[in-house]
Amino acid sequence: MTRLLSRTFPSVKLRDTNPKASDFKILKNPKTQVPISSSSSQESQENLKIPNPKSWSVYLILSTNEPIKTYVGITTDFARRLKQHNGEIRGGAKASSSGRPWLCACIITGFTCLSQAASFESKWKLFSRKLPRRKKDEEMSQSDALLQHRRRALDKVEESLDCSHLETNWKI
């Protein structure tokens with residue numbers, strides 16, 4: 001049965017239960033070998049340390065052209081990402097091409113991995129869609145109303161998640 005499957009699906013590779021010694025490459029340069037024993041020297045342990053992970057951020061940007069709108073995203077380099085949204089360098093989301101130039105309204109830092117930042121971004125967008133919009137005061141601008149709505153949604157996200165390790169910085 002196993003042979004029939006591998007002929008039918010060539011990408012399925014059969015496991016060889018008896019590997020030969022010739023299948024393994026032996027390193028001839030002793031400097032490239034990593035010691036396996038737990039009693040290795042201090043120097044080799046320092047070389048094996050995992051580098052610091054990237055710090056992820058979730059951001060809110062505000063368009064300056066009509067119609068005024070907001071955009072929530074994630075990045076490890078906000079300055080580069082804002083330049084992408086503004087069309088100064090390649091990249092950026094298609095959704096942000098019509099509101100150029102964009103301004104930073106809020107940046108939330110302190111995420112240790114992509115999944116944390118993506119989950120936070122997703123919840124912020126979800127709460128923004130679910131929250132009812134308040135009637136705009138006559139003296140309140142459209143951008144102020146949008147930012148107030150996003151701030152209320154962010155407050156809901158912070159209530160639902162543990163955000164004690166995060167730093168929120170409102171620029172506007």
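Helix α3 spans residues 78-85, and in this predicted model its buried residues are Phe-78, Arg-81, Leu-82, Gln-84 and His-85. They sit on the same side of α3, because the arc they cover around the axis is only 155°. As for what lies over them, the cover includes three strands: β1 (56-63), β2 (70-75) and β3 (102-111). Just past the helix comes Gly-87, with a positive phi near 80°. For background, a negative phi is what most residues other than glycine have.

The loops around these strands hold a couple of cis peptide bonds. One of them links Glu-66 to Pro-67, with omega near -10°, and Pro-67 belongs to the loop between β1 and β2. Another runs from Arg-100 to Pro-101, where omega is near -5°; here the proline falls in the loop between α3 and β3. Most peptide bonds, by contrast, are trans.

Further along, there is a helix pair to look at. Helix α4 (residues 114-130) packs with helix α5 (residues 142-160), their axes lying 8 Å apart at an angle of about 125°. An angle over 115 but not over 145 degrees counts as oblique, and so α4 is oblique to α5. The crossing of the two is right-handed. On the α4 side, the contact is made by Phe-120, Lys-123, Trp-124, Lys-125, Phe-127 and Ser-128. From α5 come His-149, Arg-150, Ala-153, Leu-154, Lys-156, Val-157 and Ser-160. Sorted by class, this contact of α4 with α5 is a mix of six nonpolar, three polar and four charged residues.

Technical notes: Residues numbered from 1 in each chain as written. Predicted model: local features only at pLDDT ≥ 70, side-chain atom pairs only at ≥ 80, totals over all residues. Heavy atoms only, no water. Buried < 20%, exposed > 50% of the residue type's maximum accessible area, 1.4 Å probe, protein only. Helix = DSSP H or I, 4+ residues; strand = E, 2+ residues; numbered from the N terminus. Arc of directions from axis to C-beta. Contact = heavy atoms within 4.5 Å. Axes fitted to C-alpha atoms, helices over the stretch in contact; angles between N-to-C directions. Parallel < 35°, antiparallel > 145°, perpendicular 65-115°, else oblique. Left-handed = near helix turned anticlockwise from the far one by under 90°. Nonpolar A, V, L, I, M, F, W, Y, C, P; charged D, E, K, R; others polar.
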